[in-house]
Amino acid sequence: MNEFVVYVLYSRSFGKIYVGFTSDLINRFHSHNHFSAKGYTARFWPWEVVHVEFFTTKHEAMVRERWLKSGAGREWLRANVLF
């Protein structure tokens, strides 16, 4: 059975947040911090994982990711997760 993870990365150096989902958090985290040459996450290294949520279906993970990327979701992250 696959498990899906919604994750929140934080770039302390730049004060940036990144929200994503994957079925392989360790490899995805390494790709954000080490293997990306271009794109949003490559510009704001280093990233740290500050929040994770686990889901049994891809659909549930996608719905949660979409909400966390919304204005209400970002407010929730700033109030409950970020320092």
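**Strand 1 and its surroundings**

In this predicted model, V6 has F21 in strand 2 as its bridge partner. Hi everyone, let me start from that pair and work outwards.

Strand 2 covers residues 16–22, and seven bridges join it to strand 1 in the antiparallel sense. Four residues lie between the two strands of this hairpin, and there G15 takes a positive phi near 70°.

Now look at the other neighbour. Strand 1 also pairs with strand 3, again antiparallel, over seven bridges. On that side, Y10 stands opposite E48.

So how many residues of strand 1 are buried? Eight of its eight, across residues 4–11. In a regular strand, side chains alternate between the two faces of the sheet. Here both faces are covered: F4, V6, V8 and Y10 are buried on one side, and V5, Y7, L9 and S11 on the other.

Where do those side chains go? The largest nonpolar core has 12 residues, among them F4, V6, V8 and Y10, along with I17, V19 and L68. Strand 1, strand 2 and helix 3, residues 58–68, each supply at least two residues of this core, and strand 1 gives the most, with four. A second, separate core of seven residues includes V5, Y7, L25 and F44.

F4 is a nice one to click on. Leaving out residues up to four places away in sequence, its contacts include F21, F54, F55 and A61.

One last stop, on the surface. F54 sits in strand 3, residues 48–55. Together with V49 and V52, F54 forms a nonpolar surface patch with about 240 Å² of accessible area. Thanks, and I'm happy to take questions!

Technical notes
Residues are numbered from 1 along each chain as its sequence is written. This is a predicted model: local features need pLDDT of at least 70, side-chain atom pairs count only at pLDDT 80 or more; totals for chains, interfaces and linings use all residues. Side-chain values use heavy atoms; hydrogens and water are left out. Patches are made of residues with over 30% relative accessible area and no salt bridge: like charges are joined within 9 Å, nonpolar side chains (Val, Leu, Ile, Met, Phe, Trp, Tyr) within 5 Å. Accessible areas come from the Shrake-Rupley method with a 1.4 Å probe; for residues, only the protein chains shown count as cover. A salt bridge is a side-chain nitrogen of Lys or Arg within 4 Å of a carboxyl oxygen of Asp or Glu. Buried means under 20% relative accessible area, exposed over 50%, partly exposed in between (1.4 Å probe, protein chains only). Two strands pair if DSSP finds at least two bridges between them. A nonpolar core is a set of buried Ala, Val, Leu, Ile, Met, Phe, Trp, Tyr and Cys residues joined through side-chain atoms within 4.5 Å. Contact means heavy atoms within 4.5 Å.
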